[in-house]
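Here's a walk through a structure you may not have met before. Have the sequence and the 3D view to hand, and let's go through it one piece at a time.

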Amino acid sequence: MTGARRLSLPALAGITAGLFALAIALVFYYAPVDSDQGLSQKIFYFHVPIALTSYACFGWGAWKALLHLWKRKPGADLESYVAIHQGTIFGMLTLITGSIWARISWGVWWVWSDDQLVLFLILFLFYCAYFMLRYSVEPGLQRENMCAVYALFGVVLIPISFLAIRISRSIIHPEVFTRHGPQMTHSQFLAFCVAWLAMLFLFATLYGIELAGKRLDARLRELRELLA
Amino acid sequence: MVRATKVTKRFGDKRVLNRVDAEVEAGGFLLVTGPNGSGKTTLLRVLAGLDAPTSGQVLLPDRATIGYLGHEPHVYRELTPLENLHLFGRLYRVPERAERIGMLLERFGLWDVRDQRVQTFSRGMRQRLGLCRVLLHSPTLAVLDEPFNALDEAGAALLDATLDVIAPVSAVVLATHDPGRVERLATQRLAFA
Amino acid sequence: MRFFSDVAALARKDLLIELRAKETVPAMLLFVLSALTIFHFAVPAGASAKISIGLLWTAIVFTALLGLTRAFVPEREQGVFDALVLAPSDRSAIWAAKALSVLAFLGLAELVALPAFGLFFSGVGWHGVAAFALADIGICAVGTLTGAMAVAGRARELILPLLFLPLAIPVVAAGVGASIAGGGKYLAFLALYDAVFALLSWGAFEYVVAQT
């Protein structure tokens, strides 16, 4: 995120806030109300961008992990960790918003026929284990390596799990509920894109904040070491 | 040749090594002394390439030339001495493996029990086997952590004799509670408080 | 090639140790039979055969987990792991050998479990057997790698299931599909899973065990 580094954190936060305001305005006032589901369909404008941003987080975390293993780039481990941390948070939000949407659409809090939701459940379990792994090992090169390897496994797991869910769908869970994938009109598409951009900037801001905090912690520890 | 420069090692909040310098060349013998828990084992693991320092640098020779004997003898309990040594001999690409193994087992008095499982051995016998394993590939850097532990007088004498032979040609790092035993060989000393 | 002879030597060592200790395989056998017995009581009468197939897969996955938890125990005793890691041989040979030996143990367990399942519930077709064979490879590849990760930390037996089970989900999904519906796509998927994760695990093992 060299762009984020060139942009100061307050500026990033400001842009994020602005985008959110714009997104909310577009979603609630500009995009037409869905003929089927009414106002409650609006949650789609947040649920899907959150999910997509989650993928972006995990992808970014895996990229940093690769840099750590391959190029031995210093600091890449911390960046990978923060990205995955954010990804897990966005993942949890995906599950929550997805559950709310299912409740609104079909009256149940969970549906197994929603492939993406099921995928996120698996990923959520996987990445929670990332943190268990990280905190069970002493800090050091081996821990950084293991976390990086695990992050790469995660990003490979995404398509593999999705494929597994797809092919086993007819066996495991019959199509009870169908959701028409949104064929979006122009205005819907615009609202969607702005919402997505807002989420990505939210990730960038939170990522920047958490990373700065962690780096400060590390620096403090270093200084304390030197003084001792 | 192994060189540690300003090596610090922390486990969580506890600092075990603090900016330690050490350098041993072929023919050098670094004697490391100090009470339990003072960091000897940690330093030896760093010098053997088993642990990375928290900060500082370590210059290590090729893995194939390092021999490490820790507090455990590093041998499989369910296997016999012959099986253990053949396995490690294979992994270390030891030439003329069978002869070398035979020679070492004889020297350390384990030839008669070469086909018995290690789990039937006493601690002292396991330690002797561990020494065989360490010497199997003729390491040019031998890192030995309290090798005299558990050895009876006969075993200790065998180790003494072995050290006399390898000290002039290899780099040796040896940690011990009983420095008097190997004082004569030491070219450098490092005392932990 | 040296790699293969190292793998062979290490795998032979693992099999020899198990042959003498006789700890892991009997435990796995007993576990899987106990699990199948419990499933008989857990599945109400009149339930479809499909449910029991799913339970069989579950039992196999947890039996594999049992074997994987024990996988690095011989190395942890007497500190042998240090000696293996220091050896100049390729560290991923350790992974390959360990995965092969756990595969052998799992295969033995299935040799008993599948006929027992046929006895208790219903037969597993050839598609099912092929699915188990392919699934075992993936399970052992991934399980051995995560096993090494778990062993490096504090709460090893606790952490291994957490690391392993999410990765096993695709295997179970495809395996059950293959057992019930047949069809090549499930077996093809399992083969893909095996190829991808075996390659990843092979490449990553070096990083997971090296401390420097």
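Start with helix α7 of chain C, which covers residues 126-152. This is a predicted model, and in it the 27 residues of α7(C) reach 39 Å from the first C-alpha to the last, close to the 39 Å expected at 1.5 Å a residue. How much of α7(C) is covered? Mostly it is: 22 of its 27 residues are buried.

Now look at where chain A touches chain C. Chain A puts 26 residues into this contact, and chain C puts in 29. On the chain A side, the elements that give two or more residues are α5 (115-136) and α6 (141-172). Of the elements there, α6(A) gives the most, with 17 residues. If you sort that side of chain A by class, you get 21 nonpolar residues, 5 polar ones and no charged ones.

While you're in chain A, find A:Ala76, which sits in helix α4 (residues 76-106). Is A:Ala76 buried or exposed? It has 20 C-beta neighbours inside 10 Å, so A:Ala76 counts as buried; the cut-off for that is 20 or more. Leaving aside residues up to four places away in sequence, A:Ala76 touches A:Lys64, A:Leu67 and A:His68. You can also pick out A:Leu216: it is 140 residues from A:Ala76 in sequence, and the two are 15 Å apart in space, C-alpha to C-alpha.

Next, hop over to chain B for a sheet. In general, strands of a sheet pair through backbone hydrogen bonds, either parallel or antiparallel. The one in chain B is an open sheet of 5 strands with parallel pairing, in the order β5-β6-β7-β3-β8. Why do β5 (66-69) and β8 (188-191) each have one side left without a neighbour in the sheet? Both stand at the edges with a single partner strand each, so one side of each stays free of a neighbour there. From one strand to the next, the twist averages 10°.

Inside this sheet, β3 (residues 29-33) and β7 (residues 171-175) of chain B run parallel and are joined by 4 bridges. For a spot to zoom in on, B:Val32 stands opposite B:Ala175 in β7(B).

Helices lie against the sheet too. Helix α1 (residues 40-48) of chain B lies across β3, β5, β6 (141-145) and β7, running at about 160° to β6(B). Helix α4 (residues 123-135) of chain B also packs on the sheet, where it touches β5 and β6, and its direction makes about 165° with that of β5(B).

Terms used. Residues are numbered from 1 along each chain as its sequence is written. Chains are lettered from A and ligands numbered from 1 in the order in which they are written. This is a predicted model: local features need pLDDT of at least 70, side-chain atom pairs count only at pLDDT 80 or more; totals for chains, interfaces and linings use all residues. Two strands pair if DSSP finds at least two bridges between them. Axes are lines fitted to C-alpha atoms, for helices over the stretch in contact, and angles run from 0 to 180 degrees between N-to-C directions. Two residues are in contact if their C-beta atoms, placed from the backbone, lie within 7 Å. The expected span of a helix is 1.5 Å times one less than its number of residues. A residue is buried if 20 or more other C-beta atoms lie within 10 Å of its own, exposed if 12 or fewer, and partly exposed in between; C-beta atoms are placed from the backbone. Ala, Val, Leu, Ile, Met, Phe, Trp, Tyr, Cys and Pro count as nonpolar, Asp, Glu, Lys and Arg as charged, and the others, Gly among them, as polar.
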